[in-house]
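Biologist: Please take a close look at the salt bridges in this model. Which side chains pair, and how buried or exposed are the partners?

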Amino acid sequence: MDGIVEPPEPPAQEWLNKVLAALAELDIDEINNLLNLTYNLLNNNYDLLNTTHNLVEDTRENLYRRTGILLNHLHPIETASAPDMISRRAAITFNNIANGNNVVIGMITYTFVTALGSPAANNVQVLIQDTLRNTVKTLARAIRGIDDEMNIAYGTGTDPNPICTAYWTSQRFSIGSTTVKAGESLFLLERAENVTSAIPLSSTATAIISDFTRSAYSRYILSGNVSGSGGANSVRGPLHTILPINSVVIGGQGGELYTTAYDCHLITLCRQSDTSEKELDLYISNDEETFTRIQRSTPVGSNTSAESLHIHIQMRQARVPAGYGLYICIGSDGTSSNAYCDLKVYLSPVPCPSYT
């Protein structure tokens, strides 16, 4: 009644004494260290699970790529020749892009904006970047359906464009006999094969458009030629895009667009405008700022300028790594800066390391 509690019975008292003695022997610091160790082990296990998850994802990705490379080694895809007449190609070279300008490809409209919104079906909004070059690169990614929420907003049914793929290049290239001058350009490739229906292609931006057409060759204009003698004419002309960066993919342009490495094993000289002696150099680049030469001065001969001319030039160790573009320079001992030669480049996919 006065706050005094009767002591427990002897058996209970003995148990209580043992509990109190055990508690007295506990080291609080040791318990705290044990708890910290347990906590750290849990964190390490969590990190390990994340690492394992990433490794599984990476392994899946590698298996997919390697399988595709192996299959393409056994059955090379048609898009490994540049160009071919199975699928059409086109070009747009931009001089200026302003807010509200658009590009129409097929049924899809790409509108350049200063702030992204929610585009309707068959519409895509492309955020204008700090430079014209970066804006054109962003448009190319939008046409390929690349996920980029900060810079691209897709309407329903627009990612990727169902008709074509697109790649940026700043170097000159050709659509058959039409030369696209160096600038901020889209290199457009049709996805389907042997289609004959027209492909709408227009733009309200300040741009030069080369419509979709079939071409069996890439024309190189020998604008490096100068008047003179004693070898003064043999000057390499400007770089010319054969395959844009990232454009050689597993499964062709209608696939998932996984880039892969290719070997350039053959160049065919289809025709030439004159009979001057010519030499060609091949370069690769993944940014079009730094170029690495992979082939030096392959002669292409001067025997004829007939249209049926097919001179095959065997290449060795001319590899195009995944994610790179292929470029060409040609010089001759002629004096005409309007002379040209028409080329077709053949590539084969690099086999899986286990398939040797």
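Modeller: Start with aspartate 148 and arginine 141. Their side chains form a salt bridge, with N and O 3.5 Å apart. The two partners differ in burial class. Aspartate 148 is buried because its relative accessibility is 16%, and the cut-off for buried is under 20%. Arginine 141 has a relative accessible area of 26%, so this residue counts as partly exposed. Keep in mind that the model is predicted.

That pair is part of a wider set. Over the whole structure, the search finds nine salt bridges. The general idea is simple: side chains of opposite charge can pair when their charged atoms come close.

Next, take arginine 236 and aspartate 281. Their side chains also meet in a salt bridge, at 2.9 Å from N to O. This pair links distant parts of the chain, with the two positions 45 residues apart in numbering. Arginine 236 lies in the loop between β13 (218-221) and β14 (240-243). Aspartate 281 sits in strand β18, which covers residues 278-285. Burial again splits the partners. Arginine 236 is partly exposed because its relative accessible area is 24%. Aspartate 281 has 0% relative accessibility, so this residue is buried.

The contact between arginine 236 and aspartate 281 also belongs to a network. Salt bridges with shared partners join Arg236, Glu279, Asp281 and Arg296.

A further salt bridge pairs aspartate 274 with lysine 278. The closest N and O atoms of this pair are 2.9 Å apart. Lysine 278 counts as buried because its relative accessibility is 0%.

For the wider setting, turn to a sheet. It is open and has five strands, in the order β6-β5-β4-β3-β11. The pairing is mixed. Strands β6 (152-154) and β11 (201-203) form the edges, and each pairs on one side only. From one strand to the next, the twist averages 15 degrees. In general, strands of a sheet pair through backbone hydrogen bonds, either parallel or antiparallel.

At the β6 edge, the partner is β5, residues 123-127. These two strands run antiparallel and share three bridges. One bridge can be named by residue: glutamine 125 is partnered by alanine 153 in β6.

To return to your question on burial: aspartate 148, aspartate 281 and lysine 278 are buried. Arginine 141 and arginine 236 are partly exposed.

Definitions and conventions
Residues are numbered from 1 along each chain as its sequence is written. This is a predicted model: local features need pLDDT of at least 70, side-chain atom pairs count only at pLDDT 80 or more; totals for chains, interfaces and linings use all residues. Side-chain values use heavy atoms; hydrogens and water are left out. A salt bridge is a side-chain nitrogen of Lys or Arg within 4 Å of a carboxyl oxygen of Asp or Glu. Buried means under 20% relative accessible area, exposed over 50%, partly exposed in between (1.4 Å probe, protein chains only). Helices (H or I, at least four residues) and strands (E, at least two) are DSSP runs, numbered from the N terminus. Two strands pair if DSSP finds at least two bridges between them. Axes are lines fitted to C-alpha atoms, for helices over the stretch in contact, and angles run from 0 to 180 degrees between N-to-C directions.
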